[in-house]
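Please find below my notes on this model, set out as numbered points. They go from single residues to the whole chain and can be read beside the structure.

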Amino acid sequence: SATFNLTNTAATTITVNPAVGLAGTAGVATVPLSATLSSSAGPVSSGTITFPVTNSANSQVGTAVTGTVAKGGASATFSVPQGTPAGAYTVTAAYSGAPVPGPLVFLPSSGSGQLSLLAPGTPIRVTQMAVSRDSGGFFVVNLTLSNPTNSAVAGVALTKAQMGSTQSNTRPLPVPGTVPANSSVGVQVSFASTVGTSGTPVVLTVSGAYNGGSFSVGTRVTLP
């Protein structure tokens with residue numbers, strides 16, 4: 001009798017998490033890159049994800065890094081080459097695909113996100129932007145404002161929070177005040193559900209001011 005080996009394949013979807021780091025104008029800097037991986041067939045915990053970074057001319061910046069997939073995601077530390085200017089860069093995440101125990105193979109996939117490189121010496125930096133959705137359908141963005149200097153920075157306040165063309169409905173915008181030296185504070189802003197549907201990519205822009213200067217960052221996020 002004949003024996004047949006049947007292999008099932010499962011599609012995968014990658015979401016690249018927004019990343020913020022320092023430009024390499026004063027030397028080599030590092031920034032963590034990460035992505036989440038999902039499949040309707042179940043959790044993905046095998047294979048690798050490679051992260052090349054490109055500039056606005058679509059030229060590769062530095063050397064691509066690779067992370068091993070575990071529990072539906074992977075991360076790797078990217079070295080920003082010396083001389084890389086501040087600005088927005090594209091991070092592509094390419095999943096290798098992989099078999100799992102049994103007759104199932106997760107197929108390769110890819111996605112892209114944004115890496116924002118800030119100029120060294122900026123006292124206040126937006127180092128994290130996490131987007132979620134609450135029970136009322138509003139999009140909620142949790143921000144981390146960091147002060148990596150050895151002096152406290154006073155007068156810190158958000159002046160703009162925008163998703164796509166939609167302004168935050170949080171009024172007034174948060175005013176953290178003083179951020180202690182070598183410390184961070186968390187703030188939260190929300191947006192109406194009319195920003196877009198789940199899975200839609202939008203640009204999230206956050207700007208603010210502090211005594212003696214200002215800060216701004218924009219990154220592409222995928223609506224949850």
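1. Serine 207 sits in strand 19, which covers residues 201-210. The model is a predicted one, and the remarks here apply to it as such. Serine 207 has a relative accessible area of 12%, so it counts as buried, the limit being under 20%. Setting aside neighbours within four places in sequence, its contacts are Leu158, Thr159, Lys160, Phe215 and Ser216.

2. Glutamine 114 belongs to strand 12, residues 109-118. Is glutamine 114 buried or exposed? Its relative accessibility is 14%, and therefore it counts as buried. The side chain of glutamine 114 reaches the backbone oxygen of glycine 218 at 2.2 Å. Glycine 218 also appears among the contacts of glutamine 114, which, leaving aside neighbours within four places in sequence, are Pro18, Ala19, Ala88, Tyr89, Val91, Gly218, Thr219 and Arg220.

3. Two of those contacts, Pro18 and Ala19, lead to the pocket. The largest pocket has a volume of about 370 Å³. Its lining is made up of 16 residues, and those closest to the centre are Pro18, Ala19, Val20, Thr127 and Gln128.

4. Which strand gives the most to the lining of the largest pocket? That is strand 13, with five residues. Strand 13 spans 125-133, and it is joined by strand 3 (19-22) and strand 4 (29-38) in supplying at least two lining residues each. By residue type, the lining of the largest pocket divides into ten nonpolar, five polar and one charged.

5. Threonine 66 is part of strand 7, residues 65-68. With a relative accessibility of 48%, threonine 66 is classed as partly exposed, because the exposed class begins over 50%. Not counting residues up to four places away in sequence, threonine 66 touches Thr48, Ile49, Thr50 and Ala76. With one of these, threonine 50, there is also a side-chain polar contact of 3.0 Å. Glycine 21 is 45 residues from threonine 66 along the chain, and their C-alpha atoms are separated by 18 Å.

6. Lysine 71 is in the loop between strand 7 and strand 8, the latter covering 73-80. What is the phi of lysine 71? The value is near 55°, which is positive although the residue is not glycine. Lysine 71 has a relative accessibility of 82% and so counts as exposed.

7. Asparagine 182 also has a positive phi, near 50°, and is likewise a residue other than glycine. Asparagine 182 is placed in the loop between strand 17 and strand 18, with strand 18 covering 183-191.

8. A cis peptide bond runs from arginine 171 to proline 172, with omega near -5°. Where is proline 172 found? Proline 172 is in the loop that links strand 16 (166-167) with strand 17 (177-179).

9. Alanine 41 lies in the loop between strand 4 and strand 5, where strand 5 is residues 48-51. Its relative accessible area is 43%, so alanine 41 is partly exposed. Leaving out neighbours within four places in sequence, alanine 41 is in contact with Ala10, Leu104 and Phe106. Alanine 41 and serine 132 are 91 residues apart in sequence, and the distance between their C-alpha atoms is 24 Å.

10. Last, the protein as a whole. How many helices and strands does the secondary structure contain? There are zero helices and 20 strands. The C-alpha trace spans about 80 × 45 × 30 Å along its principal axes. The protein has 224 residues, and 42% of them count as buried.

11. Two further totals describe the chain. Among contacts with a separation of 6 or more, 64% are between residues 24 or more positions apart. The accessible surface comes to about 10,800 Å², and carbon and sulfur atoms account for 52% of that surface.

Definitions and conventions. Residues numbered from 1 in each chain as written. Predicted model: local features only at pLDDT ≥ 70, side-chain atom pairs only at ≥ 80, totals over all residues. Heavy atoms only, no water. 1 Å grid on protein atoms, 1.4 Å probe; cavity = no way out; pocket = protein on both sides within 12 Å on 5 of 7 lines; lining within 4 Å. Points joined across faces, edges and corners; volume = space filled by probe spheres on them. Helix = DSSP H or I, 4+ residues; strand = E, 2+ residues; numbered from the N terminus. Nonpolar A, V, L, I, M, F, W, Y, C, P; charged D, E, K, R; others polar. Buried < 20%, exposed > 50% of the residue type's maximum accessible area, 1.4 Å probe, protein only. Contact = heavy atoms within 4.5 Å. Polar contact = N/O pair within 3.5 Å; in protein donor to acceptor, adjacent residues only side chain to side chain. Areas by Shrake-Rupley, 256 points an atom, 1.4 Å probe, with all protein chains shown as cover.
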